[in-house]
Amino acid sequence: MAAAAGPASTGSVSPRKSPISILSGALTSGLLAWLCLGLSQKVVGYYALHPPHYEARVAQSIATALKTMIVGMTFLATFSFAFVGLGLLLVFLRSLLPARPETPA
């Protein structure tokens with residue numbers, strides 16, 4: 001039986017992404033970072049105005065831990081999207097430079 005010829009069997013290199021594709025990814029990631037920053041600020045503002053207070057120490061501890069996790073996850077999403085956007089922006093700038101010719105090893 002003949003094996004199906006796929007990208008791994010031919011040894012070909014995948015085509016390069018166009019600079020416009022990279023730029024659109026960077027802009028999308030930047031937009032999502034900006035939206036997540038707004039969400040993070042609203043979450044922090046909400047918990048500043050409505051701090052959790054319960055009579056039971058266990059309930060207070062759980063509420064504080066949950067608040068910390070929610071605030072942390074919103075800022076983690078913000079910085080993740082921001083760093084991906086920054087990285088894609090740098091790749092976009094690098095894609096505008098002329099390619100260096102490869103020298104055989």
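**Exercise 1. The largest pocket**

Task: Find how much space lies in the largest pocket and which residues line it.

Solution.
Step 1. Start with the volume. The largest pocket holds about 230 Å³ of space. The model is predicted.

Step 2. List the lining. It is made by Arg16, Lys17, Ile22, Val91, Arg94, Ser95, Leu97, Pro98, Ala99 and Arg100.

Step 3. Sort the lining by class. There are 5 nonpolar residues, 1 polar residue and 4 charged residues.

Step 4. Ask which element gives the most. That is helix H3, residues 57-96, with 3 lining residues.

**Exercise 2. A lining residue: Ser95**

Task: State where Ser95 lies, and decide whether Ser95 is buried or exposed.

Solution.
Step 1. Locate the residue. Ser95 belongs to helix H3. Ser95 is also one of the residues that line the largest pocket.

Step 2. Apply the cut-off. Buried means under 20% relative accessible area. Ser95 has 15% relative accessibility, so Ser95 counts as buried.

Step 3. Look for partners beyond the sequence neighbours. Leaving aside residues within four places, Ser95 is in contact with Arg16, Pro19 and Ile22.

Step 4. Compare sequence and space for one partner. Ser95 and Arg16 are 79 residues apart along the chain. Their C-alpha atoms are separated by 9.4 Å. Arg16 and Ile22 appear in the pocket lining too.

**Exercise 3. Elements and confidence**

Task: Count the helices and strands in the protein chain, then say where confidence is lowest and where it is highest.

Solution.
Step 1. Count. The protein chain has 3 helices and 0 strands.

Step 2. Write the order. From the N terminus on, the elements read α-α-α.

Step 3. Take the chain as a whole. Its mean pLDDT is 88. Of its residues, 88% reach 70 or more.

Step 4. Go element by element. Confidence is lowest in helix H1, residues 7-10, with a mean of 56. Confidence is highest in helix H2, residues 19-49, with a mean of 96.

**Exercise 4. Cys36 and Thr74**

Task: Work out which residues Cys36 touches and which residues Thr74 is in contact with, leaving aside neighbours within four places in sequence.

Solution.
Step 1. Place both residues. Cys36 is in helix H2. Thr74 is in helix H3.

Step 2. Check burial. Cys36 has a relative accessible area of 15%, so Cys36 is buried. Thr74 is at 11% relative accessibility, so Thr74 counts as buried as well.

Step 3. List the contacts of Cys36. They are Thr74, Ala77, Thr78 and Phe81.

Step 4. List the contacts of Thr74. They are Cys36, Leu39, Ser40 and Val43. Each of the two residues thus appears in the other's list.

Step 5. Add distances. The C-alpha atoms of Cys36 and Ala82 are separated by 9.5 Å, with their positions 46 residues apart along the chain. Thr74 and Gln41 are 33 residues apart in sequence and 9.0 Å apart, C-alpha to C-alpha.

**Exercise 5. Ser80**

Task: Decide how Ser80 is classed by its relative accessible area.

Solution.
Step 1. Find Ser80. Its place is in helix H3.

Step 2. Use the cut-offs. Partly exposed lies between buried, under 20%, and exposed, over 50%. Ser80 has a relative accessible area of 37%, so Ser80 is partly exposed.

Step 3. Add a distance. Ser80 and Leu32 are 48 residues apart along the chain, and their C-alpha atoms are separated by 9.8 Å.

**Exercise 6. Aromatic pairs**

Task: Say how many aromatic pairs the structure holds, and describe them.

Solution.
Step 1. Count. There are 2 aromatic pairs.

Step 2. Take Tyr46 and Tyr47. Their centres are 5.5 Å apart, with 75 degrees between the planes. That pair is edge-to-face. Tyr46 is at 47% relative accessibility, so Tyr46 counts as partly exposed.

Step 3. Take Phe75 and Phe79. Their centres are 6.4 Å apart, with 25 degrees between the planes. That pair is stacked.

Step 4. Relate the stacked pair to its helix. Phe75 and Phe79 are separated by about one helical turn, because they are 4 residues apart in helix H3.

Step 5. Check accessibility. Phe75 is partly exposed at 27%. Phe79 is partly exposed at 47%.

**Exercise 7. The whole chain**

Task: Find what share of the residues is buried, and what share of contacts joins residues at least 24 apart.

Solution.
Step 1. Burial. Of the 105 residues in the protein chain, 14% are buried.

Step 2. Contacts. Consider contacts between residues at least 6 apart in sequence. Among these, 82% join residues at least 24 apart.

Definitions and conventions
Residues numbered from 1 in each chain as written. Predicted model: local features only at pLDDT ≥ 70, side-chain atom pairs only at ≥ 80, totals over all residues. Heavy atoms only, no water. pLDDT = per-residue confidence, 0-100. Helix = DSSP H or I, 4+ residues; strand = E, 2+ residues; numbered from the N terminus. 1 Å grid on protein atoms, 1.4 Å probe; cavity = no way out; pocket = protein on both sides within 12 Å on 5 of 7 lines; lining within 4 Å. Points joined across faces, edges and corners; volume = space filled by probe spheres on them. Nonpolar A, V, L, I, M, F, W, Y, C, P; charged D, E, K, R; others polar. Phe/Tyr/Trp six-rings, centres within 6.5 Å; stacked < 30°, edge-to-face > 60°. Buried < 20%, exposed > 50% of the residue type's maximum accessible area, 1.4 Å probe, protein only. Contact = heavy atoms within 4.5 Å.
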